[in-house]
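Thank you all for coming. I would like to take a few minutes to walk through one model, beginning with its strands and ending with its core.

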Amino acid sequence: TYTATSGAAVQIVAPGTDDGSSAATNIGFTFTYNGAPFTQFVANSNGHIRLGAAAPASSYNPISTTGNTNAISLLGRDGRSVNGIFVETSGTPGSQVCVIEFRTQQLQYNEASSQMTGQIRLYEGTNVVQMVYGTGIQGTTYTPEVGLRGGTGATDFNNRTTTTNWAPP
């Protein structure tokens with residue numbers, strides 16, 4: 001269930017950002033992804049993050065771009081951050097969760113009628129990645145990338161895409 005972050009959340013990408021990335025941002029704990037430890041990530045205004053200190057190699061195609069390693073895509077495409085991207089780490093050491101919140105994400109940078117809210121959650125200890133979607137409206141059909149890309153190889157990814165119903169994939 002989508003629950004907005006609290007007032008303690010820190011803004012890392014400004015409202016209205018198009019094709020921009022945050023600075024390297026601390027997760028708040030060591031998160032193991034695909035067998036590698038990470039303590040930072042970089043968020044992109046096009047609906048995804050890349051673990052580590054490097055900005056995404058592709059801002060529009062975070063999963064299908066081979067060089068964009070260690071990517072997690074909530075809804076990657078040529079979008080725009082309407083109300084900014086925020087981060088908040090909460091919980092007790094050993095079981096914390098880092099929430100990267102996309103507060104109103106425009107699905108297409110120039111199409112205000114298609115928007116959504118969502119979060120990428122990283123769980124300490126279990127190293128689970130969870131994508132949680134809030135409210136959204138879709139004014140037209142889009143083919144975003146939703147999924148995970150690992151650290152090596154052309155086949156080290158899971159990409160879900162559809163132009164109709166998101167429930168099956």
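**Strands and core**

Let me start with a pairing: β5 and strand β11 (residues 145-149) run antiparallel and are joined by four bridges, where strands are DSSP runs of E of at least two residues, numbered from the N terminus, and two strands pair if DSSP finds at least two bridges between them. Within this pair, Ile 72 has Leu 148 in β11 as its bridge partner.

Before going on, I should say that this is a predicted model, in which local features need pLDDT of at least 70 and side-chain atom pairs count only at pLDDT 80 or more, while totals for chains, interfaces and linings use all residues. Residues are numbered from 1 along each chain as its sequence is written, and side-chain values use heavy atoms, with hydrogens and water left out.

The pair belongs to an open sheet of six strands, ordered β2-β3-β4-β5-β11-β12, with antiparallel pairing; its edge strands, β2 and β12 (157-160), each pair on one side only.

At the β2 end, five bridges join β2 to the antiparallel β3, and Asn 26 has Gln 40 in β3 as its bridge partner. The hairpin of these two strands has two residues between them, and there Asn 34 takes a positive phi near 55 degrees.

Turning to the core, the largest nonpolar one has 25 residues, and those touching the most other members are Ile 27, Phe 41, Ile 49, Leu 51, Ile 100 and Leu 122; such a core is a set of buried (under 20% relative accessible area, 1.4 Å probe, protein chains only) Ala, Val, Leu, Ile, Met, Phe, Trp, Tyr and Cys residues joined through side-chain atoms within 4.5 Å.

Definitions and conventions
Buried < 20%, exposed > 50% of the residue type's maximum accessible area, 1.4 Å probe, protein only.
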